[in-house]
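Dear colleague,

I am passing on the structure below, together with a short account of what was found in it. Please have it open beside this message as you read.

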Amino acid sequence: MLENNLTLVTAESCTAGLISATLADVPGAGGLLDCAFVVYSVQAKRRCLDVPQSTLSAHNLTSEAVARDMALGAARKSPANVAVANTGVTDDTDDRIPSGTQCYAWVFKTGQADASPVVYTATRRFAGDRNSIRRASAEFA
C-alpha cells in the first residue's frame with residue numbers, strides 16, 4: 001500500500017476495531033491507516049457513515065448491502081483511497097443467520113473526480129467462539 005500511495009479507512013461493526021488494531025500491529029502502519037470507524041449499533045451506522053435507512057430496512061444488518069454502504073460512507077468521510085467494512089454475527093442471536101457469518105466490502109477510489117469508486121463484496125462464515133470469529137474476520141478483511 002505504501003509503495004502505491006494508498007491509505008486506508010476502516011468501518012467495523014462486530015470486529016469493533018480489530019481490523020484497524022491488527023493493521024496497527026505492523027510497523028509503519030501509521031503511514032497507511034487514516035482512521036477507523038467502529039459503528040456497532042444501527043444508529044451509529046446511520047449517524048457516522050450515513051448508511052441509508054432504506055438499505056437497513058431492505059436488508060439484514062448482516063448483509064453485503066450494509067457492508068457496502070458502510071464502506072462507501074467511510075470512503076466519503078475520509079481522504080483515504082481504500083475503505084474496508086465488515087458487519088456480521090458472532091453468536092446465535094438471529095435464527096435466520098448462522099453464527100460466524102461475516103459480510104465485507106472493499107471500496108477503491110479511482111482518483112478521478114467524476115468516476116465512481118470500485119466496490120467488491122464478499123460473505124464468509126467462520127467457526128469458533130465469539131472472539132475467534134472476530135479475530136478470523138479481522139484477518140480476512
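To begin with the cysteines, the number of disulfides found comes to 0; please keep in mind throughout that this is a predicted model. A disulfide is a covalent bond between the sulfur atoms of two cysteines. Cysteine 14 takes part in no disulfide, and the nearest cysteine sulfur, which belongs to cysteine 103, is 9.3 Å away. Seen from the other side, the closest cysteine sulfur to that of cysteine 103 is the one in cysteine 14, and because the two are 9.3 Å apart they are too far for a bond, the cut-off being a sulfur pair within 2.5 Å. As for their surroundings, cysteine 14 counts as buried at 5% relative accessibility, and cysteine 103 is likewise buried, with a relative accessible area of 2%.

Turning to the nonpolar interior, the largest core has 21 residues, and within this core Leu49 and Met70 are the members that touch the most others. Two or more residues are given to this core by each of strand 1, helix 2, helix 4 (64-77), strand 3 (82-88) and strand 4 (101-108), and of the contributors it is helix 4 that gives the most, with 7 residues. A second core, separate from this one, is made up of 11 residues, among them Ile19, Val82, Tyr104 and Trp106.

Which residues does methionine 70 touch, if those up to four places away in sequence are not counted? The contacts of methionine 70 are Ala11, Glu12, Ser13, Val39, Lys45, Leu49, Val51, Ala85, Asn86 and Thr87, so that list includes Leu49, which was named above alongside Met70 for touching the most other members of the largest core.

Finally, there are two backbone points that you may wish to look at in the model. Alanine 16, although it is not a glycine, has a positive phi of about 50°; alanine 16 sits in the loop that runs between strand 1 (8-12) and helix 1 (18-24), where it is partly exposed, with a relative accessible area of 35%. Aspartate 50, also not a glycine, has a positive phi of about 60°, and this residue belongs to the loop between helix 2 (42-49) and helix 3 (53-58). Aspartate 50 is partly exposed, its relative accessible area being 40%.

With kind regards

Terms used:
Residues are numbered from 1 along each chain as its sequence is written. This is a predicted model: local features need pLDDT of at least 70, side-chain atom pairs count only at pLDDT 80 or more; totals for chains, interfaces and linings use all residues. Side-chain values use heavy atoms; hydrogens and water are left out. Helices (H or I, at least four residues) and strands (E, at least two) are DSSP runs, numbered from the N terminus. Buried means under 20% relative accessible area, exposed over 50%, partly exposed in between (1.4 Å probe, protein chains only). A nonpolar core is a set of buried Ala, Val, Leu, Ile, Met, Phe, Trp, Tyr and Cys residues joined through side-chain atoms within 4.5 Å. Contact means heavy atoms within 4.5 Å.
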